[in-house]
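Here's a quick tour of one model, with a helix, a core and some charged pairs along the way. Have a look at the sequence and the structure first.

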Amino acid sequence: MSTKDTENKKTVVENNGNVEKNENLQVGDILAKAEQFINKNKKTLLIVLLSVVAVVVVICLYSFWYIPSQEKEAANSMFAAEQYYIQGEYDKALKGDGKHMGFVAIGDDYSSTKQGKLAKYYAGRIYLEQGKYKEALDYLKSFSPKDAYMASQAKCLVGDCYMELNQIDEAINYYKKASTTNVNDFTTPAILMKLATAYEMKKDYKSALDTYKMIKTNHPASPEFQQIEKYITRMETILEK
């Protein structure tokens, strides 16, 4: 090996050593600064750590103890209210009988539970049947179930409230949402009939005709299909004039 090669090799080794030395110094500097920061902020860091632990504990207690216990209490309270509802004793179903809670109190006291949310749905239905449409809207619009069938029914009932209040555009909006939330041959055609009726009230006969045709095309197994042709014919006659 020539003298020049030896010198080059020596230079490379020295450079590598310097790089490694600099990296070690940088790491050591970082560690030293980190240690200084920890020592300087021990109290603050401890408070942050304890706060995180406390939040985790609260979430666990809420999810695995509080909510299940609330669900059980709400379910027990719901039984009597549902029985009154089935029997048509709407005032007791809504407000309770002095011994058992009604849907209104259950919905308020157990609003974070499934049963509490269902109580709001029942309360909304009763208020609708009693002709108290604004009260019905307050409860029905606060009901947001994950179940598609219940979601569709709630939206349809909101549409019914708006129809009774003569707010046809809002009714159409909710009927449209209800008709696409849980599409089936049992409930969807009935909702579409309400939607078509709302369009007729606005004298939007083209949209009404299209809605009736949706029933004819998409829901031949439904009861509404049996008489849909006469509705289609009536709309076509109006549009031809």
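Let's start at a backbone detail: Lys 203, just after H9, takes a positive phi of about 65°. Helices here are DSSP runs of H or I with at least four residues, numbered from the N terminus. Bear in mind that this is a predicted model, where local features need pLDDT of at least 70, side-chain atom pairs count only at pLDDT 80 or more, and totals for chains, interfaces and linings use all residues. Residues are numbered from 1 along each chain as its sequence is written, and side-chain values use heavy atoms, with hydrogens and water left out.

**Helix H9**

H9 covers residues 188-201, and its end C-alpha atoms sit 20 Å apart, which agrees with the 20 Å expected for 14 residues at 1.5 Å a residue. That expected span is 1.5 Å times one less than the number of residues. Is H9 mostly enclosed or open? It is largely enclosed by the rest of the structure, because ten of its 14 residues are buried. Buried means under 20% relative accessible area, exposed means over 50%, and partly exposed is in between (1.4 Å probe, protein chains only). Among the buried ones are Ile 191, Leu 192, Met 193 and Tyr 199. The cover over the buried residues of H9 includes H7, H8 (168-181), H10 (205-218) and H11 (228-240), with contact meaning heavy atoms within 4.5 Å.

**The core**

The largest nonpolar core has 50 residues, and Phe 103, Tyr 121, Leu 140, Tyr 175 and Tyr 212 have the most contacts inside it. Helix H7 (residues 148-164) gives the most to this core, with eight residues. Such a core is a set of buried Ala, Val, Leu, Ile, Met, Phe, Trp, Tyr and Cys residues joined through side-chain atoms within 4.5 Å. Leaving aside residues up to four places away in sequence, Phe 103 touches ten others by name, including Met 78, Tyr 85, Leu 94 and Ile 126.

**Salt bridges**

The count comes to six salt bridges, each a side-chain nitrogen of Lys or Arg within 4 Å of a carboxyl oxygen of Asp or Glu. Here are some of them:

| Pair | N to O distance |
|---|---|
| Glu 89 and Lys 92 | 3.6 Å |
| Asp 169 and Lys 202 | 2.7 Å |
| Glu 200 and Arg 234 | 2.8 Å |

Glu 200 lies in H9 and Arg 234 in H11, so this pair ties together parts 34 residues apart in sequence. Glu 200 counts as buried at 17% relative accessibility, whereas Arg 234 is partly exposed at 37%.

Key: Helices (H or I, at least four residues) and strands (E, at least two) are DSSP runs, numbered from the N terminus.
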